[in-house]
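Q: I would like to learn how to read aromatic pairs in a model. Could you walk me through them with an example?

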Amino acid sequence: MSFQFSIMIEALKTASHYITTTLFMAITALAIGVVIGLGIALIRLYRIKVIAPVLKGAVTILKGVPVVLVILALYLISAKQFDNWAETMHWTLRFKDFNMVWIAIAALSLMAAINSSEIFRGAFAAIKKGQFDAAKSIGMTNLQVIRRVLLPQALPISIPIFSNLLISLVKASALASMVSVVDVFAAAKITAQQNYRFLEAYVAVAIIYWLISLVIEKGAQVLEERMSRKLRRATR
């Protein structure tokens, strides 16, 4: 069976209409994950009693759980319990009216949080301990150390890794189709089901994901260079 470029172009056009949905899920999940991951990394860095060991164990366990299982688990739990929670909270919203995009975002956010916490831990470990001691010696509080010492140095180091994480989230967002979210992958698959030309549709999806990844990678390089120049000027 020959490859039909016209069908691939058709699938490409249809799928491209849902790029915003894919990017919305990935970027929102990354933003949530970075905030939570930073909190986890700081708690583990300062070794807060009870909480730090619990989070360490949770991160270790959750790193081994596939995203697809998290998505399906959240969907099944929500399908059974959401209406009860809504009634308890006196909400008018019911599960049948709930946007499934948020289930996908919740699952992707968990993935982003776990990975972000490890990225920040690695970045913090690259900062020399003497800088912490120097900051403390001039009377900086822990919050000031985080804001003026840790983050300005950790972020430029972490940007390339965060760009890879965002690319991973973009690709993982294809799993949202399992809970009836129409994204790039789901749109192309729907197109393929109309004519049974799945290869052309999958090639179209691959092209879109490749272009998104390329833009993210180039954008991260520009951001890294700007932040590195700013950090060098600040340390002169």
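A: Happy to! This is a predicted model, and it holds 10 aromatic pairs.

Q: How is a pair of aromatic rings described?

A: Two values do the job: the distance of the centres and the angle of the planes. Here, the ring centres of Phe3 and Phe5 are 5.0 Å apart and their planes meet at 70°, so this pair is edge-to-face, since over 60 degrees counts as edge-to-face.

Q: Which pair is tilted?

A: One of them is Phe82 with Phe98, at 5.0 Å centre to centre and 45° between the planes. This pair links distant parts of the chain: Phe82 belongs to helix H4 (residues 67-88), whereas Phe98 sits in the loop between H4 and helix H5 (101-125), 16 residues apart.

Q: Is Phe82 buried or exposed?

A: Phe82 has 8% relative accessibility, so it counts as buried, because the cut-off for buried is under 20%. Its partner Phe98 is partly exposed, at 23%.

Q: Which residues do ring pairs link into a cluster?

A: The cluster is made of Tyr75, Phe82, Trp91, Phe95 and Phe98.

Q: Let us turn to a polar side chain. Where is Thr28 found?

A: Thr28 is in helix H2 (residues 19-45), and with a relative accessible area of 18% it is buried. A polar atom of the Thr28 side chain lies 2.6 Å from the backbone oxygen of Phe24.

Q: Leaving aside neighbours within four places in sequence, which residues is Thr28 in contact with?

A: Those residues are Leu23, Trp102 and Ile105.

Note on methods:
Residues numbered from 1 in each chain as written. Predicted model: local features only at pLDDT ≥ 70, side-chain atom pairs only at ≥ 80, totals over all residues. Heavy atoms only, no water. Phe/Tyr/Trp six-rings, centres within 6.5 Å; stacked < 30°, edge-to-face > 60°. Helix = DSSP H or I, 4+ residues; strand = E, 2+ residues; numbered from the N terminus. Buried < 20%, exposed > 50% of the residue type's maximum accessible area, 1.4 Å probe, protein only. Polar contact = N/O pair within 3.5 Å; in protein donor to acceptor, adjacent residues only side chain to side chain. Contact = heavy atoms within 4.5 Å.
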